[in-house]
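Subject: Structure for you to look at

Hello,

Please find the structure below. My notes on it follow.

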Amino acid sequence: MVKDRAFSARDLLRERGLDAICFCHLPTIRYLCGFTGSDGVLVVGTRGAWFLTDSRYTTQAAGQVFGAEVRQYGVRAEGVGELLAEQGWSKVGFEAEALSVAGLERFKEKAPTALEWVPLTREAAGLRGCKDTEEVSALEEATELNAEAFAEVLPLIRPGALERDIALALEFALKGRGGEEKAFDFIVASGERGALPHGVASGKAIAAGELVTIDFGTRCRGYHSDETVTVAVGEVSSELRAIYDTVLEAHDIALAKIRPGVSLREVDGAARDFIASRGYGERFGHGLGHGVGLEVHEFPTVSTRSEESAREGMVFTVEPGVYVPGLGGVRIEDMVLVTAGGCRTLTRIPKAFRSLPA
């Protein structure tokens, strides 16, 4: 499967009239050829592919890399420059968002001076946009760990518990079940801190009558889970309950909108318009979602700025939220897979309103 992916990059060569593409973004390199180390460049041409790395990784690459010839370099730019000169290419693409200006200049210094460098943005990111069955399996493994870990930690969410202790317990539960690494710094935001969309777990104690928003995930076989659950501790105010119901309905409206061919901007708009109709439009400032895979935030973007339409095999989050300073907030997030007839939710934790004992 990995070997076949390198050939998919050649479609991009033909579309852009390129002789080759230099891939420097490690998640894309892993996707295309299987390499999991921390240094390397993959060059895909019309009639071959080459993976270049330093002496630390040549043995690893020999066992991991598929569909590309492995070469060792002493200095990255020199190794790439030698390959480009050897092949005699005239037009080479690169991932504009992965290669710094300084890095590009180093490549240019060592490559033939007449070589034209073509920046690639959405086209390169889109190579990983649709997941195959192997990738979906890894994503489902990660989401299953989320559900199991959350069930273990749920009884700990009670008055007096510290946000950071809940986050730590989740991390232990995920790793204890085989999670490779946490997907990001977990968000545990209770009470007024729930108004912070990225309220990383703090030393605050959870209190009765508060909502607690928990955003967490893990990594399995290189692929990530990302899920947000908001729960009540005891009885909450009518306003907080109204906010929860608004966010949950917006979430469900967005899910119902997803199908192949639908603009992702339209999916975002469906949730956003509903939240605005309930008077909370100014309290939903972020995009509705983002792609998830080898990176926890990747192509595509689901927001007012989206330029893509849903395609079968895409995996992205649906995570509307409402955040009211001085009161609290709610975010509800699931990962979905676009299917031929709509979408399938990959995350497993129920999102119906839940009130825990106080």
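I214 in β8 and V229 in β11 are bridge partners. Here helices (H or I, at least four residues) and strands (E, at least two) are DSSP runs, numbered from the N terminus.

Some background before the rest. This is a predicted model, in which local features need pLDDT of at least 70 and side-chain atom pairs count only at pLDDT 80 or more, while totals for chains, interfaces and linings use all residues. Residues are numbered from 1 along each chain as its sequence is written, and side-chain values use heavy atoms, with hydrogens and water left out.

The sheet

The bridge above belongs to the pairing of β8 (residues 210-216) with β11 (residues 227-233), which run antiparallel and are joined by seven bridges. Two strands pair if DSSP finds at least two bridges between them. Both strands sit in an open sheet of four strands, with the order β7-β8-β11-β19 and mixed pairing. Its edge strands, each paired on one side only, are β7 (187-190) and β19 (355-356).

On one side of the order, β7 and β8 run antiparallel with four bridges between them; S190 has V212 in β8 as its bridge partner. At the other end, β11 and β19 run parallel and share two bridges, and A232 has S355 in β19 as its partner.

How far is β11 covered? Seven of its seven residues are buried, where buried means under 20% relative accessible area, exposed over 50%, and partly exposed in between (1.4 Å probe, protein chains only). In a regular strand the side chains alternate between the two faces of the sheet. In β11, E227, V229, V231 and V233 are buried on one side, and T228, T230 and A232 on the other. The edge strand β7 also has both faces covered, with I187 and A189 buried on one side and V188 and S190 on the other.

The helices

Helix α8 (residues 163-176) lies across β7 and β8 and runs at about 150° to β7. Axes are lines fitted to C-alpha atoms, for helices over the stretch in contact, and angles run from 0 to 180 degrees between N-to-C directions.

The axes of α8 and helix α7 (residues 133-153) come within 9 Å and cross at roughly 130°. The two helices are therefore oblique to each other (under 35 degrees counts as roughly parallel, over 145 as roughly antiparallel, 65 to 115 as roughly perpendicular and the rest as oblique). L145, N146, A149, F150, E152 and V153 of α7 make the contact with I166, A169, L170, A173 and L174 of α8, contact meaning heavy atoms within 4.5 Å. By class, this contact has nine nonpolar, one polar and one charged residues (Ala, Val, Leu, Ile, Met, Phe, Trp, Tyr, Cys and Pro count as nonpolar, Asp, Glu, Lys and Arg as charged, and the others, Gly among them, as polar).

A second helix pair is α4 (residues 76-87) and α5 (residues 101-110), whose axes come within 8 Å and cross at roughly 50°. These helices, too, are therefore oblique to each other. R76, A77, E78, V80 and G81 in α4 meet R106, F107 and K110 in α5. The contact of α4 with α5 has three nonpolar, one polar and four charged residues.

Regards
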